[in-house]
Structure formats: structure tokens, C-alpha cells
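Biologist: I should like to learn how strands and individual residues are read in a model of this kind. Please begin when the structure is in view.

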Amino acid sequence: MNYMFNGCSSLTSIDLSNFLTNSLNSINYMFKGCSKLTYIDISSFSKTFYNYLFLFDDSIPEEGTIIVKDETIENQIKKKFLQGWTFKYKN
């Protein structure tokens, strides 16, 4: 799923909560260039398979909402991007 939505500059929201991600090895820069994306649901993504630091690049908006599975994923993402985003949890 590397660069899956790369350059989707008109994408404003995406719900990937039904994606089956157990067998994935990499999601590097999945949302690279998504400069209008302000709502993301990745609540089905496993915390054990990914380096969430590389989901985004610096084109991501400064504010938005992201739905994640737990605090571990939130902490991984906030290390680099999405500092001003609201995180919500969904199991």
C-alpha cells in the first residue's frame, strides 16, 4: 500500500476502517500529497505491522480528525505529523 493515495490533492476524507491489513508489510507515504485530507479512519490498522511515521508527508493539513485503534498508534503518528489533529479511538 505504499503511495496508495499519493497525490490525491482533492481527497478530503477517507474511511479505511474495513481494510484488512494483517498481511501488509508497508504503508509508506500512503497519504503523500493529500493536502486537503482532514478526516481519516484507519481504525482497522494493526499497531504491530507499520511504521506510522511514514504515512504522511508535510503536505498534510495542520488540523483534522483521525480515527485510530488505540493510543499506541496515536503516539507513533504524533511524533512527526498531525500535532494539531484530534484523535479518536475505535475498536
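Modeller: The dialogue below treats strand pairing first and two loop residues afterwards. This is a predicted model, in which local features need pLDDT of at least 70, side-chain atom pairs count only at pLDDT 80 or more, and totals for chains, interfaces and linings use all residues. Residues are numbered from 1 along each chain as its sequence is written, and side-chain values use heavy atoms, with hydrogens and water left out.

Biologist: Which strands pair with β3?

Modeller: Strands (E, at least two residues) and helices (H or I, at least four) are DSSP runs numbered from the N terminus, and two strands pair if DSSP finds at least two bridges between them. Here β2 (39–41) runs parallel to β3 (65–68), joined by three bridges; Tyr39 has Thr65 as its bridge partner. β3 also pairs with β4 (residues 86–89), in the parallel sense, over four bridges, and Ile67 stands opposite Lys88.

Biologist: Are the faces of β3 buried or exposed?

Modeller: In a regular strand the side chains alternate between the two faces of the sheet. Buried means under 20% relative accessible area, exposed over 50%, and partly exposed in between (1.4 Å probe, protein chains only). In β3, Thr65 and Ile67 on one side and Ile66 and Val68 on the other are all buried.

Biologist: Where is Ser43 found, and why is it classed as buried?

Modeller: Ser43 lies in the loop between β2 and β3, and is classed as buried because its relative accessible area is 7%. Contact means heavy atoms within 4.5 Å; beyond neighbours within four places in sequence, Ser43 is in contact with residues including Ile67 and Val68.

Biologist: Why is Leu20 classed as exposed?

Modeller: Leu20, in the loop between β1 (13–15) and β2, is exposed because its relative accessible area is 81%.
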